[in-house]
Amino acid sequence: MKRLIKIDSISDIPPEYQSTPVGLLFEYHNLERPGESYDKAQLLIGMCMDNRKHLHMPDNFAFIIRSGGANLRYSEFKVSYAIGVGQVRHIALIGHNNCGMVNLIARKNEFIEGLVNSAGWERDRAEEHFFHFAPMFEIGSETDFILSETKRLRLRYPKIMIAPLFYLVEDNKLYLIDEK
Ligand SMILES: [Zn+2]
């Protein structure tokens, strides 16, 4: 796992992110900055659907797209919408530790049994569904995936600032993933 940069004060926020919506997200979530009021979104957040995470930030501050592993490859129209129509110029991608989208194959039987027993699926269809989609949604490593997704989105949206963040489920704080 890549090194995480701890943000305990404003001076821990790298200069390029200070005074941007990404820096503000750190201030709201980690540093208890009082919430200002916003009439439009400043930031697009891409984060995992995992239930263990809750962000502290003011109402209206951000659009949020939640998907397994903060994978935005299949949410690109929504990303484009937030930029084109919602006018955001900054994206925070937030991975987290113990993500369920790492090593999906280890949950294959659970996945298939769950669909058969709880959703009423035929076993063959559940297996086919797993093997079709698992390779698309597997992220490999939580931090490496966020860094590769950050690079991909920077190429796709060159004028948008994209920052790789990480949420530790043990302390519920946001970290920056070191890109060096
Ligand atoms: Zn996750």
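In this predicted model, Cys-48 counts as buried, since its relative accessibility is 4% and the cut-off for burial is under 20%. The same class applies to His-96, which is buried at a relative accessibility of 1%. Both residues serve as donors to the zinc ion, Cys-48 through SG and His-96 through NE2, and the protein donors are completed by the SG atom of Cys-99, with distances to the zinc ion of 2.0 to 2.3 Å. Along the sequence, the spacing of these donor residues follows the pattern C-x47-H-x2-C. Because Cys-48 is placed in the loop between strand S2 (43-47) and strand S3 (62-66), whereas His-96 belongs to strand S4 (residues 90-96), this pair of donors ties together parts of the chain that are 48 residues apart in sequence.

A further feature of the model concerns the packing of two helices. Helix H3 (residues 108-119) packs with helix H4 (residues 123-137) at an angle of about 135°, and the axes of the two helices are 9 Å apart. The arrangement of H3 and H4 is therefore classed as oblique, and their crossing is right-handed. On the side of H3, the contact is formed by Lys-108, Phe-111, Ile-112, Glu-113, Leu-115 and Val-116, while H4 contributes Arg-123, Ala-126, Glu-127, His-129, Phe-130 and Phe-131. When these residues are sorted by class, the contact of H3 with H4 comprises seven nonpolar residues together with four charged residues and one polar residue.

Key. Residues are numbered from 1 along each chain as its sequence is written. This is a predicted model: local features need pLDDT of at least 70, side-chain atom pairs count only at pLDDT 80 or more; totals for chains, interfaces and linings use all residues. Side-chain values use heavy atoms; hydrogens and water are left out. Donors are N, O and S atoms within 2.8 Å of the metal (3.2 Å for Na, K and Ca); water is not among the atoms, so sites may look incomplete. Helices (H or I, at least four residues) and strands (E, at least two) are DSSP runs, numbered from the N terminus. Buried means under 20% relative accessible area, exposed over 50%, partly exposed in between (1.4 Å probe, protein chains only). Axes are lines fitted to C-alpha atoms, for helices over the stretch in contact, and angles run from 0 to 180 degrees between N-to-C directions. Angles under 35 degrees count as roughly parallel, over 145 as roughly antiparallel, 65 to 115 as roughly perpendicular and the rest as oblique. A crossing is left-handed if the near helix is turned anticlockwise from the far one by less than a right angle, and right-handed if clockwise. Contact means heavy atoms within 4.5 Å. Ala, Val, Leu, Ile, Met, Phe, Trp, Tyr, Cys and Pro count as nonpolar, Asp, Glu, Lys and Arg as charged, and the others, Gly among them, as polar.
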